[in-house]
Amino acid sequence: MEIKKQKYVIGVDIGGTHIRIGAVTHENNLFYYFKKKVVDVINVHEPIESLIRFLEEYIQEHMGIKQVMAIGMGFPSVISKDKKSIHSTPNLECLSNTNIVDDLQHYFKIPIFIEKDVNYLLQYELSKRTISEEDIVLGFYIGTGFGNSIYLNQNFLRGKNGAAGELGHIPVMGDESSCQCGNSGCIEVHASGKALVSLYQQYFSDVPFEQIFVKYSEDKRIRDFIRTLSIPIATEINIFDPNIVILGGGVLGMVDFPKKQLEESIFHYTRKPWPANGLTIEYAEDTDAAGILGAARSIYGRLYLNKGNLVC
Ligand SMILES: [Zn+2]
């Protein structure tokens with residue numbers, strides 16, 4: 001008797017620093033997870049080819065292409081509205097302006113999906129909650145950069161070009177610091193993991209980076225950093241009056257990150273009485289696999305949209 005082999009959706013979460021990969025079953029079980037440094041996977045001189053090699057080796061080693069239903073990849077990028085191309089990736093410049101979907105689909109002959117990484121992260125959080133049709137959920141992810149995902153009308157807000165929610169690039173009055181996006185004065189220059197690393201290198205390098213909040217969370221420069229994080233968050237809360245705010249990302253997952261100060265500062269800058277009153281702030285689950293599981297949940301939902309029949 002032939003044993004029916006397990007089918008998977010492969011999720012890939014490409015952040016500014018790490019690339020995470022895993023194979024997820026329809027029952028949401030994760031297999032063959034691991035992470036690597038992006039620089040050890042993506043060759044800047046041939047980014048698509050090196051990504052294909054990485055995926056090919058992963059698939060060959062663990063399950064074979066026949067067991068893979070689709071691949072979903074989240075990028076820290078502006079994704080074109082047709083979801084085929086990466087328009088702009090300030091933290092991963094070599095992938096900017098590439099039509100990654102056609103190239104990978106041509107090679108692997110299976111459906112390929114790409115998405116803004118934080119949309120997959122928020123998808124994972126949504127899948128754990130009961131969300132009603134009218135709910136607005138905002139996700140803020142402070143990692144290498146400042147990621148933002150906006151969920152309303154039962155979908156992610158994309159905008160005319162796919163560039164909605166570029167909250168890290170709102171301008172700061174009177175600031176001319178240059179940002180990797182090409183503009184100057186973007187708040188991400190001051191409100192991101194990169195900004196924290198810069199502070200660390202200038203003032204706090206007597207402790208390991210991971211311990212910066214343990215020793216220095218009361219230092220004025222760190223308190224100012226936390227306050228700066230709250231400004232774009234409160235700005236967007238004032239625009240959308242959301243049902244739930246979800247905060248996450250590597251910086252917030254660091255030891256002794258001052259969550260209470262951040263929440264108080266968000267409340268301070270949010271308009272009274274509403275949307276400040278009863279504002280619901282929750283934290284994203286601190287798991288490396290959220291982007292992978294969110295990608296799989298999103299893709300299984302699309303593959304089985306048609307009353308349980310596979311559509312792709
Ligand atoms: Zn910018």
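Accessible areas here come from the Shrake-Rupley method with a 1.4 Å probe.

Q: What share of the accessible surface of the protein chain belongs to carbon and sulfur atoms?
A: The model is a predicted one. The accessible surface of its protein chain comes to about 15400 Å². Carbon and sulfur atoms hold 50%.

Q: What radius of gyration does the protein chain have, and why does it agree with a compact globule?
A: The chain has 312 residues. A compact globule of that length would have a radius of gyration near 20 Å, so the value for the protein chain agrees. Along the principal axes, the C-alpha trace spans about 65 × 45 × 35 Å. The radius of gyration is 20 Å.

Q: How many helices and strands does the protein chain have, and what percentage of its residues count as buried?
A: The secondary structure consists of 8 helices and 13 strands. Buried means under 20% relative accessible area. Of the 312 residues, the buried share is 52%.

Q: What share of the contacts with a separation of 6 or more is between residues 24 or more positions apart?
A: Contact means heavy atoms within 4.5 Å. Take the contacts in the protein chain with a separation of 6 or more. Residues 24 or more positions apart account for 62%.

Q: How far apart are the mean positions of the positive and negative charges?
A: The protein chain carries 31 positive and 37 negative charges. Each set has its mean position. The two means are separated by 3 Å.

Q: How many residues of strand β4 are buried?
A: Strand β4 covers residues 68–75. The strand is mostly covered. Its buried residues number 8 of 8.

Q: Which residue of β4 stands opposite V9?
A: Strand β1 (residues 8–14) runs parallel to β4. The two are joined by 6 bridges. Opposite V9, in β4, stands A70.

Q: Which residue in β8 is the bridge partner of G74?
A: β4 also pairs with strand β8, residues 112–116. That pairing is parallel, over 5 bridges. In β8, G74 has as its bridge partner E115.

Q: Is K37 buried, partly exposed or exposed, and why?
A: K37 is found in strand β3 (residues 30–37). Partly exposed lies between the cut-offs of 20% and 50%. The relative accessibility of K37 is 42%, so K37 counts as partly exposed.

Q: Which residues does K37 contact, leaving aside neighbours within four places in sequence?
A: K220 lies 183 residues from K37 in sequence. In space the two are 33 Å apart, C-alpha to C-alpha. Beyond its neighbours within four places, K37 is in contact with T17, H18 and I19.

Key. Residues numbered from 1 in each chain as written. Predicted model: local features only at pLDDT ≥ 70, side-chain atom pairs only at ≥ 80, totals over all residues. Heavy atoms only, no water. Helix = DSSP H or I, 4+ residues; strand = E, 2+ residues; numbered from the N terminus. Rg over C-alpha atoms; globule rule 2.2 N^0.38 Å. Buried < 20%, exposed > 50% of the residue type's maximum accessible area, 1.4 Å probe, protein only. Lys, Arg positive; Asp, Glu negative; His and termini not counted. Charge placed at Lys NZ, Arg CZ, Asp CG, Glu CD. Pairing = 2+ DSSP bridges.
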